[in-house]
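This report describes selected features of one protein chain for a reader who is new to structural biology. Please keep the structure in view while reading.

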Amino acid sequence: MSIPRLLPPPTPSSLLSFTQSMMEENIEIAESIITKWDLNTSSYTKFLSLFHKNRKEAKVFIKSVNNLSRAMHFLVSGSNSGSQKLVLAQNLMQIAMKRLEKEFYLILSANRECLDPESVSNRSSRVLVSYSDDEVSGSGSDDEAQRAGEIISDVEKLSVIAMSDLRLIADCMISSGYGKECAKIYKIMRKSIVEESLFRLGIEQYSSHISKMNSKLFEHNLKNWMNAMKIIVKMLFHGERFLCDHVFSTSEPIRESCFTDIIKEGAMNLFKFPELVAKSKRSPDKIFPLMDLYETISDLFPEIESIFSYVSVSEIKLQNLSSLHKLAESVQAILTDFESSIQKNSSKALTAGGGVHPLTNSAMNYMQYLANYSGALGDIFADSPSTEKSISPLPESYFDSPIRALTVRLSRIILVLLCKIDSKAEQYKDIALSYLFLANNLHFVVETVRKTNLKYILGQEWISEHERKVRQYAVNYESTSWSKVLSCLPENREMSVEMVKECFRQFNSAFDEVYRKQLLWVVVDGKLRDEIKVSIAKQLVPQYKNFYDANLGSLSGERNLRALVRFAPDDLNNYLSDLFHGMDISGSSSFSSSSRGSRCLPSI
């Protein structure tokens, strides 16, 4: 049995020689492939796209360039840094980079539509997982390729192939030391696409001239910006960030630089629009577009933070924060002006019949629209160091809740309104009418709160408390208005015929006076109107009926009984039904007493 002979271990010199021969072989292989696609030759290949013609050969080309790069590093690190092989390798590398630069440009240019950033993230983020580079290049199995083809459409497939090819080229150029050249092409191509997309979405170059726009043009720009903002952030900017991160996945500095240079100018112009609007001239109606802008930015801010996470684009996030701050300041200032305008309202005109004052109507109409922005307003007041916190008896922690802070602010404005209405009630000479005026206006306020989103802000307790005040105003009206009529009807007294006659005369006169006067008075709300009438009838009709039944018999011998006893108890309800519609006794309303078969009041 022969004993195997042990080979001596390789010496360092032999290993070096072996490695050198492999590197030189890599250079020779690279030379045959790279020169075939040399742009400076007269070969037909200079007119073709390597990646479009034969993607398998394109991958071989990339592989040979990577091997060439390793060979160059080996030669540079050794003693042969000045050898002919290194010179050849450097020349081949320059040829290869020129070819890859062109291929990179051609892919970006030919795939503008399928690499549209508005849609690339929607397609590619879900597709790239199931459709890997191996499958795209055709190196996967037929079954795998078929399954991938069933998952995505033809357009999606083109998008994924283009993105994979771009990343393949970018990886190769970056590892070969040509990252800047690759990034330069990418920036030029992609920035033009972003600018074109912004223009197509109606985003213009914004400036302080916004404040000089007429209302129609301003409204058009505002609506266009809000509609475009969601598309731009969710699709355009998000898609561009996704594409940039994918293509330059091996180099964070390059992908940050590319994304910043492509996006920053357009994003800064886009995001400064709200601040320019906030700085323009204030008016009460402007608060609503301001809050629309505030809500739009707030809703999108988490995505904005995610997309613009690089330090180099932190200025864009700061611009959004500045816009939110300026919008909040402007909203607070407008509300302060609104409250002040209520306090300063100096109109001396009395509302006919004690109806709802125009100030109450306009203020509550404004308030109900404000309530539709409870989310934005709550955030604004919760985050602001407003005077509400300093003057309120409530603990400061109460204002930490956005809805509580908003409740305090809006309830304060309504309180100011009600105080102003109180002062206007004093202008009425008739005290009963002033109470009816207060009941009408407070009831209108309460009903506006109940029927709108204000009920969720102020709460049921607020509504119930002010309903009690409405009822109290109604009671005060009744007591001051009908006490004289009721005082004409003494109870449980033995009376002479003359005293009975005098009581009927006084009642006729008092009822006639109140009735004629209050025909012109108004209770706007039908339910409240009926409640007041029922309450009056409950006091008046039974007391009059008792007096009527007890004393009518003593007047049986009177010749002018019809003129003396002008009202039967049942007639009073008919006359009361005429009240609070704001019409003269001669009015043509169906409530006119002349249309009934019961007795009528004679002309005076």
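Which residues in α21 are buried? The model is predicted, and in it the buried residues of α21 are Val 500, Lys 501, Cys 503, Phe 504, Phe 507, Asn 508, Ala 510, Phe 511, Asp 512, Val 514, Tyr 515 and Gln 518. The cover over these buried residues includes α20 (454-486), α22 (526-551), α23 and α24. The length of α21 can also be checked: at 1.5 Å a residue, its 22 residues should span 32 Å, and its end C-alpha atoms are 31 Å apart, which agrees.

**Aromatic pairs**

The count of aromatic pairs comes to 29. In one of them, the ring centres of Phe 507 and Phe 567 are 6.2 Å apart and the planes stand at 80 degrees, so this pair is edge-to-face. The pair links distant parts of the chain, 60 residues apart: Phe 507 belongs to helix α21 (residues 497-518), while Phe 567 lies in the loop between α23 (561-564) and α24 (569-576). Both Phe 507 and Phe 567 are buried. Ring pairs also join these two residues with others into a cluster, including Trp 482, Phe 504, Phe 511 and Tyr 544.

Rings can also be found beneath a charge in this model. The charged end of Arg 241 sits over the ring of Phe 259, 5.7 Å from the ring centre. Arg 241 lies over the face of Tyr 310 as well, at 4.0 Å from that ring centre.

**Cysteines**

A disulfide is a covalent bond between the sulfur atoms of two cysteines. The count of disulfides here is 0. For Cys 172, the nearest cysteine sulfur is that of Cys 182, 9.7 Å away. For Cys 503, the nearest is that of Cys 488, at 7.4 Å. A disulfide requires sulfur atoms within 2.5 Å, so neither cysteine is in one. Cys 172 is buried, with a relative accessible area of 1%, and Cys 503 is buried too, at 10%.

**Salt bridges**

Side chains of opposite charge can pair when their charged atoms come close. A search of the whole structure finds 26 salt bridges. The table presents three of them.

| Salt bridge | N to O distance | Helix | Separation in sequence |
|---|---|---|---|
| Glu 275 and Lys 279 | 3.2 Å | α12 (residues 273-279) | 4 residues |
| Glu 447 and Arg 450 | 3.0 Å | α19 (residues 431-451) | 3 residues |
| Glu 447 and Lys 451 | 3.9 Å | α19 | 4 residues |

An α-helix has 3.6 residues a turn, so residues three or four places apart point the same way. In the α12 bridge, Glu 275 counts as buried at 12% relative accessibility, whereas Lys 279 is exposed at 57%. In α19, Glu 447 is buried at 17%, Arg 450 is partly exposed at 29%, and Lys 451 is exposed at 62%. Salt bridges that share partners join Glu 447, Arg 450, Lys 451 and Glu 467 into one network.

**Two further residues**

Is Thr 351 buried or exposed? Thr 351 lies in the loop between α14 (314-343) and α15 (358-371), and at 15% relative accessibility it counts as buried. Beyond residues up to four places away in sequence, Thr 351 touches Val 356, His 357, Pro 358, Tyr 428 and Phe 437. Asp 383, in helix α16 (residues 374-383), counts as exposed at 63% relative accessibility.

Technical notes. Residues are numbered from 1 along each chain as its sequence is written. This is a predicted model: local features need pLDDT of at least 70, side-chain atom pairs count only at pLDDT 80 or more; totals for chains, interfaces and linings use all residues. Side-chain values use heavy atoms; hydrogens and water are left out. Helices (H or I, at least four residues) and strands (E, at least two) are DSSP runs, numbered from the N terminus. Buried means under 20% relative accessible area, exposed over 50%, partly exposed in between (1.4 Å probe, protein chains only). Rings of Phe, Tyr and Trp (its six-membered ring) pair if their centres lie within 6.5 Å; planes under 30 degrees apart count as stacked, over 60 as edge-to-face and the rest as tilted. A charge sits over a ring if NZ of Lys or CZ of Arg is within 6 Å of the ring centre and within 35 degrees of the ring normal. The expected span of a helix is 1.5 Å times one less than its number of residues. Contact means heavy atoms within 4.5 Å. A salt bridge is a side-chain nitrogen of Lys or Arg within 4 Å of a carboxyl oxygen of Asp or Glu.
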